[in-house]
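Got a new structure open and not sure where to start looking? Here is a short, friendly tour.

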Amino acid sequence: MQKDVIANEEINTAKLAQAEKIILQLQQELPSYIANGSGPFLAAVYDEKGNLVAKEANSVINEGCSHNHAEMNAIKAAEKALQTYDLSTYNLSLYVTAEPCMMCLGGIMWSGIKAVYYGVPSERVEQITGFDEGFKPNWFEEFQKRGISAYGNIAVKAGEKVLQDYVSDGKTVYQPNRE
Ligand SMILES: [Zn+2]
């Protein structure tokens, strides 16, 4: 277990071990999504038995929609698969290669997802790529109040490498021009 992992509950080592395995797998798969035109983020929704419900990459560029972050896409796919707008009765967990941005935190809150596990923290995403992840005051605490577990900084090194490669390959940082 990595010592820099943070959580908004007492760390459950079984849940964390499962998250490390899934997030490392997502980081390994992500370069092939990027090669096909996706943005550098991948998210997956799993049920409590460890079955994959949905897995989606960021598709802002290839689908021409600023909302299409990996988390939003994965939640949408999970809701479609389960034919509901309320995932809360399914006890689902979202795993994502980097910390959710301000939009995705809202998307997660509205979906009924019960737990979030992420790889690279926003501060490092911003340093490496220049993406603006937004302002997110006390989100661990706010999620805790709403019964949503959050674990972060999982398999960070592998995730940073994918983002560094995205930048060094000259891929697009797709956000509004603020000049
Ligand atoms: Zn996002």
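What follows is a walk through the core, two residues inside the fold, three helix pairs and a pair of backbone oddities. Keep in mind that this is a predicted model.

**The core**

Let's begin in the middle. In soluble globular proteins, nonpolar side chains tend to be buried together. Here, the largest nonpolar core has 47 residues. Within that core, V45 and Y95 are the residues with the most contacts. Helix α1, covering residues 13-35, supplies the largest share of this core, namely six residues.

Which residues does Y95 touch? Not counting residues up to four places away in sequence, the list is A19, I22, I23, L26, A43, A44, Y46 and Y117.

**Two buried isoleucines**

One of the residues touched by Y95 is I23, which is found in helix α1. Is I23 buried or exposed? With 26 other C-beta atoms within 10 Å, I23 is buried, because 20 or more such neighbours is the mark of a buried residue. Leaving aside its neighbours within four places in sequence, I23 is in contact with Y95, T97, Y117, G119, I154 and A155. There is a long-range link to look at here too: I23 and A158 are 135 residues apart along the chain, and their C-alpha atoms are separated by 9.2 Å.

Now hop over to I108, which is found in helix α4 (residues 102-111). I108 is buried, with 26 other C-beta atoms within 10 Å. Not counting residues up to four places away in sequence, I108 touches E71, L94, P100, I113, V116 and I148. To get a feel for the layout, look from I108 to V125: these residues are 17 apart along the chain, and their C-alpha atoms are separated by 19 Å.

**How the helices pair up**

Time to zoom out to the helices. Two packed helices are described by the angle between their axes and the distance between the axes. Here are those values for three pairs.

| Helix pair | Angle between axes | Distance between axes |
|---|---|---|
| α1 and α7 | about 10° | 9 Å |
| α5 and α7 | roughly 25° | within 9 Å |
| α3 and α4 | about 20° | 9 Å |

Take α1 and α7 to start with, where α7 spans residues 156-168. At an angle of about 10°, α1 and α7 are roughly parallel to each other, because angles under 35 degrees count as roughly parallel. The crossing of α1 past α7 is left-handed. On the α1 side, the contact uses L24, Q27, L30, P31 and I34, and these meet A158, G159, V162, D165 and Y166 in α7. Sorted by class, this contact of α1 with α7 has seven nonpolar, two polar and one charged residues.

Helix α7 has another partner, α5, made of residues 122-129. α5 and α7 are also roughly parallel to each other. What is the handedness of the crossing when α5 passes α7? That crossing is right-handed. From α5, the residues R124, V125, I128 and T129 meet E160, L163, Q164, Y166 and V167 of α7. The contact of α5 with α7 divides into five nonpolar, two polar and two charged residues. Look out for Y166, which appears in the contact with α1 and again in the contact with α5.

The remaining pair in the table is α3 and α4, with an angle of about 20°. That makes α3 roughly parallel to α4. α3 passes α4 in a left-handed crossing. The contact is made by E71, M72 and I75 of α3 together with C104, G107, I108 and S111 of α4. By class, the contact of α3 with α4 has four nonpolar, two polar and one charged residues. You have already met one of them, the buried I108.

**Two backbone oddities**

To finish, a look at the loops. Most residues other than glycine have a negative phi. Q83 has a positive phi, near 55°. Where does Q83 lie? Look in the loop between α3 (70-82) and β4 (93-98). Q83 is exposed, with 6 other C-beta atoms within 10 Å.

N153 also has a positive phi, near 65°. N153 lies in the loop between β6 (149-152) and α7. With 18 C-beta neighbours inside 10 Å, N153 counts as partly exposed.

Methods: Residues are numbered from 1 along each chain as its sequence is written. This is a predicted model: local features need pLDDT of at least 70, side-chain atom pairs count only at pLDDT 80 or more; totals for chains, interfaces and linings use all residues. A nonpolar core is a set of buried Ala, Val, Leu, Ile, Met, Phe, Trp, Tyr and Cys residues joined through C-beta atoms within 7 Å. A residue is buried if 20 or more other C-beta atoms lie within 10 Å of its own, exposed if 12 or fewer, and partly exposed in between; C-beta atoms are placed from the backbone. Helices (H or I, at least four residues) and strands (E, at least two) are DSSP runs, numbered from the N terminus. Two residues are in contact if their C-beta atoms, placed from the backbone, lie within 7 Å. Axes are lines fitted to C-alpha atoms, for helices over the stretch in contact, and angles run from 0 to 180 degrees between N-to-C directions. Angles under 35 degrees count as roughly parallel, over 145 as roughly antiparallel, 65 to 115 as roughly perpendicular and the rest as oblique. A crossing is left-handed if the near helix is turned anticlockwise from the far one by less than a right angle, and right-handed if clockwise. Ala, Val, Leu, Ile, Met, Phe, Trp, Tyr, Cys and Pro count as nonpolar, Asp, Glu, Lys and Arg as charged, and the others, Gly among them, as polar.
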